[in-house]
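Dear colleague,

I am handing over the structure that we discussed, and I would be grateful if you would look through it. Notes on what was found in it come after the display.

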Amino acid sequence: MSNDLKCPNCTTINPATNSVCKQCGINLKSAIETAMVVAQEHFANAIAMLRSADEGKIDDALKLNAASEVALAIKKSSAPFPSAHALLATLWNELGNDDRAELHADIALKENPYEFRAQLIKIDLTLKGVKIINLRPGDFVYFDRENYGKDAVDQVFGKVVGSAFGTVSKSIGTIFAAGSAVASQNKFVNEVEKLISIYKINCAKETDRDEYLMMAETMLGLADMLFKEPSMRSIRNKVWMAVAETVPVKLYQAGNDKEIQNVRRRAEGRLALVAVPK
Ligand SMILES: [Zn+2]
């Protein structure tokens with residue numbers, strides 16, 4: 001992560017210690033503050049646009065509009081803005097532009113190595129055109145459905161895909177549609193391993209409750225997709241174990257939270273079902 005300051009007026013990169021731009025002489029502090037407000041507004045516009053769309057039915061025109069808002073936010077911002085790059089990566093991925101999706105996922109991860117959504121895009125991109133897992137939606141497994149009254153599809157699609165970011169729906173669609181090769185499988189496993197690390201680190205930090213639930217549900221959904229694929233058992237169990245065993249410490253301090261406990265219990269239930277030795 002770089003501390004250099006990009007001048008919002010002329011885009012010259014200045015050392016963080018400069019108070020005025022070495023190129024155009026503008027007061028960097030006030031210019032940057034103004035730029036950040038403008039950038040945040042564009043970013044918020046994009047999010048609002050996606051939220052206003054029907055769940056799971058975000059059309060391409062809307063995604064393109066949102067993408068241009070996010071691109072504007074990045075352009076206006078004088079800071080790296082990794083979450084904006086992650087959202088842009090997600091949108092380009094949804095729109096089928098792999099190169100742009102990868103470019104922005106990489107920028108997001110360079111600026112913030114713990115960008116969960118950007119890593120999801122990296123996973124998704126490893127699955128393009130490759131038949132790794134021969135699952136169809138009907139093969140979804142339902143675990144403690146009675147206890148929670150929802151099946152895995154509802155949980156994942158309702159909570160995660162229903163939010164602004166459609167990453168998981170795309171990931172699932174891609175896996176279902178996909179072709180197969182050992183090299184790609186290894187790449188996929190490698191990217192999932194990185195996601196597990198990112199998950200654990202984020203859980204150890206001051207994590208927002210909704211963000212925690214999004215991450216945990218996404219991890220469960222990802223592992224569920226791998227349920228019947230023998231070559232994926234090991235990584236599947238690692239994902240479940242990460243959810244079952246990682247306690248979001250800072251969130252627990254706020255008191256007992258049933259939803260947080262439930263998501264971890266569901267992961268434990270899955271592990272018990274496949275009887276993974278501890
Ligand atoms: Zn300047």
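The notes below begin with the protein overall and then turn to two helix pairs and a single residue.

Please bear in mind that this is a predicted model. The protein has 13 helices and two strands. Of its 278 residues, 39% are buried. Among contacts between residues at least 6 apart in sequence, 64% join residues at least 24 apart.

The first pair consists of helix α3 (residues 82-94) and helix α4 (residues 98-111), whose axes come within 8 Å and cross at roughly 160 degrees. Since angles over 145 degrees count as roughly antiparallel, α3 is roughly antiparallel to α4. Their crossing is left-handed. On the α3 side, the contact is made by P82, H85, A86, L88, A89, W92 and N93, and on the α4 side by R100, A101, H104, A105, I107, A108 and E111. Sorted by character, the residues of this contact comprise nine nonpolar, three polar and two charged.

The second pair consists of helix α11 (residues 233-245) and helix α13 (residues 258-274). Their axes come within 8 Å and cross at roughly 140 degrees, and the two helices are therefore oblique to each other. The crossing in which α11 passes α13 is left-handed. From α11, the residues N237, W240, M241, V243 and A244 take part in the contact; from α13, the residues V263, R264, A267, E268, R270, L271 and V274 do so. This contact of α11 with α13 divides into eight nonpolar residues, one polar and three charged.

Helix α11 merits two further remarks. Its buried residues are I235, R236, V239, W240, A242, V243 and A244. As for its length, 13 residues at 1.5 Å a residue should span 18 Å, and the end C-alpha atoms of α11 are 18 Å apart, which agrees.

Finally, I draw your attention to L120, which lies in helix α5 (residues 116-126). Is L120 buried or exposed? A residue counts as buried if 20 or more other C-beta atoms lie within 10 Å of its own; L120 has 28 within that distance and is therefore buried. In sequence, L120 and E191 are 71 residues apart, while in space their C-alpha atoms are 8.4 Å apart.

With kind regards

Notes
Residues are numbered from 1 along each chain as its sequence is written. This is a predicted model: local features need pLDDT of at least 70, side-chain atom pairs count only at pLDDT 80 or more; totals for chains, interfaces and linings use all residues. Axes are lines fitted to C-alpha atoms, for helices over the stretch in contact, and angles run from 0 to 180 degrees between N-to-C directions. Helices (H or I, at least four residues) and strands (E, at least two) are DSSP runs, numbered from the N terminus. Angles under 35 degrees count as roughly parallel, over 145 as roughly antiparallel, 65 to 115 as roughly perpendicular and the rest as oblique. A crossing is left-handed if the near helix is turned anticlockwise from the far one by less than a right angle, and right-handed if clockwise. Two residues are in contact if their C-beta atoms, placed from the backbone, lie within 7 Å. Ala, Val, Leu, Ile, Met, Phe, Trp, Tyr, Cys and Pro count as nonpolar, Asp, Glu, Lys and Arg as charged, and the others, Gly among them, as polar. A residue is buried if 20 or more other C-beta atoms lie within 10 Å of its own, exposed if 12 or fewer, and partly exposed in between; C-beta atoms are placed from the backbone. The expected span of a helix is 1.5 Å times one less than its number of residues.
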